[in-house]
Amino acid sequence: MTEKMGSLRNFFLYKCLFALTFWNHISLSVENELFTSVSNYFPEDGSDKKVKSLPLLYTNNHQSKANFDWVVIQNTTESLSLSEITNDNVKKLIALLSNFRQGSRLQNLTLTNMSVDWDFLIKIFQTVWHSSVEYFNVNSVTQLSAIEGRYFDYSGTSMKVLTMKKVLITDLYFVQDDLYKIFADMNIAALTIAESEMIHMLCPSSDSPFRYLNFSKNDLTDLLFQKCDKLIKLETLILQKNKFESLSKVSFMTSRMKSLKYLDMSNNLLSHDAPDVQCQWSESLTELDLSSNQLMDSVFECLPVNIKKLDLQNNQITSVPTGMAELKSLKELNLASNRLADLPGCGGFTSLEFLNIEMNLILTPSADFFQSCPRVRELQARHNPFKCSCELQDFIRLERQSGGKLFGWPSAYVCEYPEDLRGTQLKDFHLTELACNTTLLLVTALLLTLVLVGVVAFLCIYLDMPWYVRMTWQWTQTKRRAWHNHPEEQERVLQFHAFISYSERDSLWVKNELIPNLEKGEGCVQLCQHERNFVPGKSIVENIINCIEKSYKSIFVLSPNFVQSEWCHYELYFAHHKLFSENSNSLILILLEPIPPYVIPARYHKLKALMAKRTYLEWPKERSKHALFWANLRAAISINLPMADGNRCGEMD
């Protein structure tokens with residue numbers, strides 16, 4: 001019988017070697033029957049070299065598919081994968097695994113798609129526990145029958161790592177200790193139970209050898225491992241995608257884990273809303289992942305003091321408080337996908353080397369960041385809504401001076417504001433020195449202000465600008481009142497040939513020479529004189545404006561006395577205003593006496609300009625030239641006026 005089995009074993013061995021040469025790994029399942037994986041390469045020369053993985057073959061009785069025998073290649077297989085395990089074939093599986101006692105080469109065992117009762121599941125684990133298997137993977141397990149307390153012998157095992165994923169417990173009513181105690185007291189280095197809707201795990205009964213625990217994608221809460229002091233060798237704890245809510249309770253959970261170095265609490269519901277509660281973390285903890293939670297600024301009041309790497313990505317942090325406790329050992333900080341409006345300072349992170357603030361709300365990062373964080377070697381600030389301004393330009397300039405520490409520069413750094421610069425890469429954005437240098441801008445503004453003040457002072461002192469402003473205001477107000485009170489008179493009708501403007505000191509010449517020779521001589525000239533034509537009750541300014549507007553010409557009798565008269569200045573100003581507003585040639589200048597230039601005040605610049613550009617009539621001293629003077633003057637004011645109210649020359653009202 002032994003010889004027949006040996007021949008059969010050799011036959012199947014060489015048949016498999018021939019068919020599966022150069023294959024790496026295969027898993028098969030047909031009609032719930034078991035096949036193993038096949039891996040690595042095989043000897044081609046028929047030598048007795050050991051192979052790492054071979055199939056478990058069976059002979060199928062054509063009369064009964066359930067009747068098959070396992071052929072085990074002992075001491076040759078290192079990896080084994082089995083699938084589709086049910087209550088119908090589980091006994092044969094246990095019998096198979098019993099062949100791999102300690103000393104066998106089998107180290108890696110994977111069971112997939114198991115659907116067995118609780119007792120069978122415990123027997124499978126107990127069998128594997130006393131085999132040569134070091135790495136045990138269980139995927140997609142459904143427990144069918146009621147869970148009850150069972151004794152488990154942990155002694156004499158080669159097991160190092162157990163990984164269980166997608167475990168479904170159909171029994172809804174059981175004593176939790178009966179289930180969780182089996183796993184809590186395992187004497188292995190690493191345990192993973194993931195994607196299994198697990199709601200709790202017991203603290204080990206004695207000091208545990210666990211160095212690695214992974215309970216990700218379950219339903220664990222803040223009750224886990226509270227006041228548990230048995231995980232003294234635990235270095236890595238992964239609890240991502242569970243239902244933890246209190247950051248302070250998480251800190252208390254770790255406080256008795258004396259060897260804990262890495263903790264992953266990402267994708268939970270963590271917050272820290274009790275600032276009066278003092279957090280108590282494991283002093284050995286150096287790496288903490290708190291990403292994708294509900295943490296706000298207060299999280300910085302509850303952090304491990306010896307932390308070196310901290311991940312706070314995808315939370316609700318708006319700023320890093322300045323009064324927070326110092327994290328002197330922190331070297332890597334991830335604040336991506338939060339609500340930060342500016343770069344955090346390094347007052348609390350004196351050893352910081354790597355900072356990630358991507359996808360925040362930073363418009364203009366502080367230019368003093370690189371000065372306050374001299375040890376930072378890499379800054380990741382991509383995909384922020386940068387506002388291209390002077391402050392941002394200062395930040396870019398300092399970054400270049402610091403040696404190019406921006407990660408992803410320049411493609412991922414573009415302007416978001418203002419709208420006309422949206423999409424522009426920051427490296428292509430530039431502003432002038434004057435626009436960004438506040439000191440230079442202030443000096444320039446001050447100089448311009450001084451120049452403006454100087455110009456205004458010059459106009460006020462030498463050109464009497466306030467006087468002209470006052471006259472313009474009076475002109476405007478007079479015109480407005482005239483329009484409001486007598487709108488029917490706004491269509492101007494000329495009543496006089498000329499309005500006479502003269503100094504009172506020159507009135508004798510005007511009354512004895514000018515008026516008689518123009519009004520009583522040939523041509524019948526009608527003159528407007530303030531003494532007889534100003535309307536009582538109206539202001540002097542209003543009378544001056546009305547007379548100038550009702551007169552075809554304005555005659556100015558110039559003399560040293562004229563330039564000393566304030567009212568003459570008014571009349572000249574308003575007549576000059578009419579000259580430009582109506583584009584007319586309405587001014588007639590009579591130089592009664594020579595006027596030395598030094599006598600004319602600075603504010604009489606209009607008079608100086610008129611005398612320099614316009615022809616004026618000079619009153620001759622020789623009597624023989626008077627006739628020519630009057631003839632030229634008549635010719636200058638010659639115009640036919642309609643006679644109003646029966647007025648005749650020399651009979652003015």
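These notes cover the nonpolar cores, the aromatic pairs and one surface patch of a predicted model.

1. **Main core.** The largest nonpolar core has 110 residues. Phe183, Met186 and Leu290 touch the most other members. Helix 3 gives the largest share of this core, eight residues.

2. **Around Phe183.** Which residues is Phe183 in contact with, leaving aside its neighbours within four places in sequence? They are Phe125, Leu162, Met164, Leu191, Ile193, Met201 and Phe210. Phe183 is also one of the three residues that touch the most other members of the largest core.

3. **Another core.** Apart from the largest core lies another, of 21 residues. Its members include Leu617, Phe629, Leu633 and Ile637. Phe629 appears again in point 6, as part of an aromatic cluster.

4. **Trp129 and Tyr154.** The structure holds 14 aromatic pairs. One of them joins Trp129 and Tyr154. The geometry is edge-to-face, with 6.2 Å centre to centre and 75° between the planes. Trp129 lies in helix 3 (residues 118–129), and Tyr154 lies in the loop between strand 9 (135–143) and strand 10 (161–169), so the pair ties together parts that are 25 residues apart in sequence. Are the two residues buried or exposed? Trp129 counts as buried because its relative accessibility is 0%. Tyr154, at 17% relative accessibility, counts as buried too; the cut-off for buried is under 20%.

5. **Trp509 and Trp619.** These two tryptophans also form an edge-to-face pair. Their rings are 5.2 Å apart centre to centre, with 75° between the planes. The pair links distant parts of the chain, 110 residues apart. Trp509 sits in helix 11 (residues 507–519). Trp619 sits in the loop between strand 26 (617–618) and helix 17 (626–636). Trp509 has a relative accessible area of 11%, so it is buried. Trp619 is buried as well, with a relative accessible area of 11%.

6. **Aromatic cluster.** Where do Trp509 and Trp619 belong? They form one aromatic cluster with Phe629 and Trp630. Phe629 is also among the residues of the 21-residue core.

7. **Surface patch.** Val443, Leu446, Leu447 and Leu450 make a nonpolar surface patch of about 380 Å². Leu446 lies in helix 9 (residues 438–462). Why does Leu446 count as exposed? Its relative accessibility is 51%, and exposed means over 50%.

Methods: Residues numbered from 1 in each chain as written. Predicted model: local features only at pLDDT ≥ 70, side-chain atom pairs only at ≥ 80, totals over all residues. Heavy atoms only, no water. Patch = residues over 30% accessible without salt bridge, like charges linked within 9 Å, V, L, I, M, F, W, Y side chains within 5 Å. Areas by Shrake-Rupley, 256 points an atom, 1.4 Å probe, with all protein chains shown as cover. Salt bridge = Lys/Arg side-chain N within 4 Å of Asp/Glu carboxyl O. Helix = DSSP H or I, 4+ residues; strand = E, 2+ residues; numbered from the N terminus. Buried < 20%, exposed > 50% of the residue type's maximum accessible area, 1.4 Å probe, protein only. Phe/Tyr/Trp six-rings, centres within 6.5 Å; stacked < 30°, edge-to-face > 60°. Core = buried A, V, L, I, M, F, W, Y, C linked by side-chain atoms within 4.5 Å. Contact = heavy atoms within 4.5 Å.
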